[in-house]
Amino acid sequence: METVNVSLERAQKRYRLEGSVRVWSDFLRVHLHPRTLTIINQYNHEGESSRLEAFGQGEALCSSAALQEDLEDRLHFFVEECDYLQGFQVLCDLQDGFSGLGSGVTELLHDSYGGRGIFTFGLAPVNYPDPSPMKDVYHLINSALGVVNLSNHSSLFCPLTLRGGLGRHPPPPSSFPHLQLDDSLWYHSSAVLAMALDTVTVPYRLGQGGTPMWQLGDALAVSGRKVVAAYGAIPFPMMQGSCLPDALSSCGNALPWRPLSACPELGDGRVFGQSVTLRGVEGRSLVR
């Protein structure tokens, strides 16, 4: 009989890719539909020149008639296949030129499908492999412009990052005491953010008993406040055989969740609206 530790060791050997993974497609195991991919030929992914580094570059790229026509054709292809279109979930880098490109895409979605939900997540790594003062300034400006423009054209906008802040000198990254994590590796930090994203989007992805995107957006965007913050406890500190009330009581005033948006709430604890998702806990463990 195979023990849990043996299974864990086998999984660790299979997915220990820290030395070989460079981009997300290196460990992609699903086949993407050909209509979901648009190649940007004007810029390089690596190198010192012709990179998509500034907000204005992405904004200008999205304003080109050829790209807009291509995006609209691809959108219409998938929208026509939908029985019920709740809305759109947009993910884009926040600190480079994709911030401007994402702003243009959300504006296109807002103009064409204004009655649908548009939930946008701006992503940022903890650090960069080749930092410099000039690049730090670029990242800061891109982040500021991205937050303003992406939130303006979205139903909700949520930054997702393990950084302590989006400024040039942020506080230390979020720490997870029950997780073995090297936040300097994008392979690790992106896994945590992917897990968080898969959890916070559960309410409008449920087949039955879920919450539509428009309803969730209205509940969280109180008085026009469309920038929201995500928190997570990964994993939730609950021992096998215990119950949820006891797990929360053991935390005391030190709540187990950590900020995942680089913009933690104010110290007074005022919350205008929130959505909470708990996964992996059996129903009988929710009460004593």
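Visitor: Is Ser 223 buried or exposed in this model?

Guide: Exposed: Ser 223 has a relative accessible area of 67%. Keep in mind that the model is predicted.

Visitor: What is the phi of Ser 223, and where is the residue found?

Guide: Most residues other than glycine have a negative phi. Here, Ser 223 goes the other way, with phi near 55°. It is found in the loop between α7 (213-220) and β4.

Visitor: And which peptide bond is cis?

Guide: Most peptide bonds are trans. The one from Ile 234 to Pro 235 is cis, with omega near -10°. Pro 235 lies in the loop between β4 (231-232) and α8 (244-251).

Visitor: How many disulfides are there?

Guide: A disulfide needs two cysteine sulfur atoms within 2.5 Å. By that rule the count is zero. Take Cys 62: the nearest cysteine sulfur belongs to Cys 92 and is 11 Å away. Cys 62 is buried, at 3% relative accessible area, and Cys 243 is buried too, at 8%.

Visitor: Which residues touch the most other members of the largest nonpolar core?

Guide: In soluble globular proteins, nonpolar side chains tend to be buried together. In this case the largest core has 21 residues, and Phe 119, Phe 121, Leu 160, Leu 162 and Leu 260 touch the most other members. β2 (117-123), β3 (156-160), α6 (186-200) and α7 each give two or more residues, with the largest share, four, coming from α6.

Visitor: What is Leu 160 in contact with, beyond its neighbours within four places in sequence?

Guide: Its contacts include Phe 121, Leu 193, Leu 197 and Leu 260. There's also a second, separate core of seven residues, among them Cys 92, Leu 94, Ala 124 and Phe 157.

Methods: Residues are numbered from 1 along each chain as its sequence is written. This is a predicted model: local features need pLDDT of at least 70, side-chain atom pairs count only at pLDDT 80 or more; totals for chains, interfaces and linings use all residues. Side-chain values use heavy atoms; hydrogens and water are left out. Buried means under 20% relative accessible area, exposed over 50%, partly exposed in between (1.4 Å probe, protein chains only). A nonpolar core is a set of buried Ala, Val, Leu, Ile, Met, Phe, Trp, Tyr and Cys residues joined through side-chain atoms within 4.5 Å. Contact means heavy atoms within 4.5 Å.
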